[in-house]
Amino acid sequence: MNSKLKGVFQILLVLIVIAVFGAIAYVGIGENHMGSAKNIRKGLDLAGGVSVTYEATKENPDPQEMSDTVYKMQKRVEQESTEASVYQEGNRRVTVDVPDVEDPQAVLDKLGKAGSLEFVLYTDCQIAEDKTATYDPEKVLLNGSMIKTAEATTQQKSQTGLSENVVKIEFNGAGAKKFGEVTSDHVGEQLSIIYDGKEVSSPVIQTAITDGVAIVSGSFDEFSDAQDMAATLRIGALPLELKNIRSNIVGAKLGLASLETSLMAGLVGLILVIIFMIVMYRIPGVAASISLLLYVAATLLALNGLNVTLTLPGIAGVILAIGMAVDANCIIFTRIREEIATGKTVKSSIKIGFEKALSAIIDGNITTLIAAVVLYVKGSGTVMGFAQTLAVGIILSMFTAIFVTRWLLYGFVSLGLDDVKWFGVQKERKTIHFVANFKKYIVISGVLFLLCAGGLIANKVRTGQILNYSLDFMGGSSTSVTFDEGTEGFDASGNANDALKNEVMETIKASAGVANAEVSDVAGERTLIVRTTDLTEDQQKQVVADLGAKYNVTNDNIQIETISASVSSEMKSDAIVAVIIATVCMLIYIWIRFKNLAFGASSVLALIHDVIVVLMVYAVGSAFISVGSTFIACMLTIVGYSINATIVVFDRVRENRGKAGSRADISEIVDQSVTQTISRSINTSVTTLIMVLVLAIMGVDAVRQFAIPLIAGIVSGCYSSVCLAGTIWYFMNKKKTEAKTKKA
């Protein structure tokens with residue numbers, strides 16, 4: 001195969017893959033349109049879902065019991081969707097909103113199960129035909145509190161050799177000891193395993209089991225049944241027994257126009273990023289743009305295949321990832337230009353450029369991937385959903401940059417596009433003295449920190465809260481309004497249009513004198529639900545009076561209930577713990593990879609700086625930016641972005657330090673390294689800013705409140721990686737290096 005034909009083949013192959021992926025993402029495969037982007041699971045804000053309200057059978061449950069029940073229900077529903085919402089309603093009710101699942105009622109039915117597991121001798125209980133077990137609680141030998149973990153698996157039946165679905169239970173220390181005693185004392189007897197009051201199986205104890213592992217079998221026709229039980233047992237029994245008192249199909253909180261606007265913003269941003277890359281990097285920019293199209297198509301397929309639930313902020317996060325996906329390309333192209341500047345051929349420069357850029361790309365992405373894994377394992381709710389999309393973005397962007405872009409560049413070279421003018425030459429830059437200007441950076445950052453502290457204090461004095469917390473964090477009141485037949489704004493099926501939804505929401509906001517509210521409808525029932533901040537008794541009376549006067553609605557058709565925050569205190573704790581663990585893990589990784597603790601410590605300090613700057617935006621702009629579920633996603637995005645940007649600078653510091661030797665002035669090394677990487681830092685920030693700015697300009701309010709703090713975070717991330725990280729590392733190493741130099 002001659003050179004030009006090879007180049008055509010390489011480029012054509014990538015374009016064919018993009019076309020195939022794009023076609024699948026657009027129309028799907030087969031009658032069910034598998035893989036189509038339209039089949040990606042959507043959250044409550046985009047697609048609506050099912051809302052069910054449970055009530056505790058206990059008359060007066062204490063607040064801790066209710067709080068624990070809400071949290072465990074949240075952990076259970078996460079097995080189906082990370083974007084489900086669970087909150088307390090009134091004193092003894094729990095409401096669960098589950099978005100866009102295939103069989104929502106089946107999900108909701110199993111959520112309310114107590115999840116209790118008990119082991120009782122078969123002779124000590126009575127088993128009815130429907131498997132209901134009756135026994136004296138005093139006869140229970142072991143219970144679910146003794147379980148360490150549980151997982152669904154398969155095993156072969158000893159009698160037939162056929163495969164069966166089972167749940168493997170591992171007991172904790174006390175449970176393993178007790179299980180060993182029970183099985184030792186009752187060899188030859190049947191031990192009944194009772195789950196939620198019904199017999200699962202009653203195996204004969206063949207021998208003493210002292211390893212603390214039990215197998216539950218006999219009642220799982222489908223593997224998913226075993227998975228459901230294992231998930232419930234891992235999370236634990238509910239503190240309260242619940243009964244289902246109300247189920248509704250609820251409409252999307254945001255209209256179709258919101259989704260279309262956000263997608264259009266993404267398309268506009270993508271086009272602008274492509275134009276920027278081509279203008280800045282020429283032929284490499286074309287290769288990066290083609291890779292970016294493959295990245296977008298592959299991301300859609302991955303989100304579909306992994307069954308990730310997307311909300312509007314989630315879509316904003318995916319769109320943001322498009323801007324960040326070109327980061328690795330910017331690192332590579334800068335390296336290629338540097339090699340061309342030394343007189344090497346374009347083809348040789350491409351090879352060496354990729355080799356030199358590889359360590360920075362891998363280290364930067366692995367540190368962020370570590371964060372994603374920890375956030376998924378330790379986080380809950382939206383944190384888990386964010387971790388999924390973050391991990392998908394990292395893996396796919398690395399693949400497209402390292403492999404696809406290189407394949408395309410060699411293809412263009414084979415076609416004869418190997419003239420230096422198509423790639424550019426890195427110009428020699430005069431070294432900028434960043435270390436010498438460190439005091440100026442301290443002043444700038446100090447002012448930002450003072451603004452943050454001042455904003456938090458001012459908010460506390462003015463409102464009693466340091467930030468403008470939304471309903472997700474604060475809870476509030478839920479007003480349910482059922483309209484009479486013939487009310488304008490409803491279709492024949494009883495579904496409200498967007499105009500009526502917004503009108504009712506604004507009416508309630510005006511009546512109660514509140515600023516924040518969100519609205520959804522109950523499908524087919526001519527009912528709207530408006531959630532607002534907590535309403536006083538006088539506010540509630542005014543809302544009822546105004547709704548009755550304007551829409552001729554009777555008081556009986558207006559119900560106002562107090563609801564808790566959908567982001568519980570436990571979920572907040574989970575997020576904080578996850579971020580702390582992720583930060584420590586990243587610190588350890590950087591320490592090991594760079595063989596210098598100061599690199600890791602400097603990265604973390606730069607990261608903390610950027611988080612404080614974003615917090616400042618929330619504090620100073622509290623009048624128009626609220627802290628909701630997107631706040632967590634925003635902060636986590638900045639953590640990933642900041643650490644990635646800093647790693648690139650430190651990778652160059654490590655390289656230049658190795659070349660210079662032990663007697664070199666490390667301040668000069670820092671200045672030289674930051675100067676050499678500054679174009680990458682700026683260009684990556686620009687591509688990411690393009691996407692976020694388009695979201696801020698074109699997006700709906702929910703997206704705008706996510707985009708504006710991100711703009712500050714991206715700018716701060718560029719500033720801290722360029723001006724702060726390297727200089728912090730310098731001062732941490734200064735005394736140690738000076739001591740070594742004097743000794744030598």
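Exposed means over 50% relative accessible area, buried means under 20%, and partly exposed lies in between. Keep these cut-offs at hand for the exercises below, which work through a predicted model.

**Exercise 1. Getting oriented**

Task: Find how many helices and strands the protein has, and what share of its residues is buried.

Solution:
- Step 1. Start with the secondary structure: there are 21 helices and 17 strands in the protein.
- Step 2. Turn to burial. Of the 744 residues, 53% are buried.
- Step 3. Now look at contacts between residues at least 6 apart in sequence: 77% of these join residues at least 24 apart.

**Exercise 2. Two residues with positive phi**

Task: Locate N552 and K595, and work out from relative accessibility whether N552 is buried or exposed and whether K595 is buried or exposed.

Solution:
- Step 1. A word of background: most residues other than glycine have a negative phi.
- Step 2. N552 is not a glycine, yet its phi is positive, about 55°. You will find N552 in the loop between α16 (537–551) and β17 (558–563).
- Step 3. The relative accessible area of N552 is 59%, so N552 is exposed, the cut-off being over 50%.
- Step 4. K595, another residue other than glycine, has a positive phi near 55°. The loop between α17 (569–594) and α18 holds K595.
- Step 5. K595 has 74% relative accessibility and therefore counts as exposed.

**Exercise 3. How α1 meets α8**

Task: Describe how helix α1 packs with helix α8, and say which classes of residue make the contact.

Solution:
- Step 1. Two packed helices are described by the angle between their axes and the distance between the axes.
- Step 2. For helix α1 (residues 3–27) and helix α8 (residues 283–305), the angle is about 35° and the axes are 9 Å apart. The crossing of α1 past α8 is left-handed.
- Step 3. List the partners. From α1 come V14, L15, V17, I18, F21, G22, I24 and A25, and these meet I290, L293, L294, A297, A298, L300 and L301 of α8.
- Step 4. Sort them by class: 14 residues are nonpolar, 1 is polar and none is charged.

**Exercise 4. Aromatic pairs**

Task: Classify the ring pair F483 and F490 and the ring pair F599 and W729.

Solution:
- Step 1. A pair of aromatic rings is described by the distance of the centres and the angle of the planes. The count for this model comes to 14 aromatic pairs.
- Step 2. In the pair F483 and F490, the ring centres are 5.5 Å apart and the planes stand at 50°, so this pair is tilted. Both residues, F483 and F490, are buried.
- Step 3. F599 and W729 have 4.9 Å centre to centre and 15° between the planes, which makes a stacked pair; planes under 30 degrees apart count as stacked.
- Step 4. Since F599 lies in helix α18 (residues 597–620) and W729 in helix α21 (residues 701–743), the pair ties together parts 130 residues apart in sequence. F599 and W729 are buried.
- Step 5. Widen the view: F594, F599, F650 and W729 make up one aromatic cluster. Over the ring of F594 sits the charged end of R654, 4.1 Å from the ring centre.

**Exercise 5. Three residues and their surroundings**

Task: Place V648, L240 and I271 in the structure, and classify each by accessibility.

Solution:
- Step 1. V648 belongs to helix α19 (residues 629–660). With 5% relative accessibility, V648 counts as buried.
- Step 2. Leaving aside neighbours within four places in sequence, V648 contacts I331, A360, T677 and R680. The C-alpha atoms of V648 and V674 are 9.3 Å apart, with their positions 26 residues apart along the chain.
- Step 3. L240 is in the loop between α6 (223–235) and β13 (242–250). Its relative accessible area is 4%, so L240 is buried.
- Step 4. Not counting residues up to four places away in sequence, L240 touches A56, K58, P61, E65, M66 and T69. L240 and E55 are 185 residues apart in sequence, and their C-alpha atoms are 9.3 Å apart in space.
- Step 5. I271 lies in helix α7 (residues 256–281). A relative accessible area of 44% makes I271 partly exposed.
- Step 6. From I271 to S289, 18 residues apart along the chain, the C-alpha separation is 9.3 Å.

Note on methods
Residues numbered from 1 in each chain as written. Predicted model: local features only at pLDDT ≥ 70, side-chain atom pairs only at ≥ 80, totals over all residues. Heavy atoms only, no water. Axes fitted to C-alpha atoms, helices over the stretch in contact; angles between N-to-C directions. Helix = DSSP H or I, 4+ residues; strand = E, 2+ residues; numbered from the N terminus. Left-handed = near helix turned anticlockwise from the far one by under 90°. Contact = heavy atoms within 4.5 Å. Nonpolar A, V, L, I, M, F, W, Y, C, P; charged D, E, K, R; others polar. Buried < 20%, exposed > 50% of the residue type's maximum accessible area, 1.4 Å probe, protein only. Phe/Tyr/Trp six-rings, centres within 6.5 Å; stacked < 30°, edge-to-face > 60°. Lys NZ or Arg CZ within 6 Å of the ring centre and 35° of its normal.
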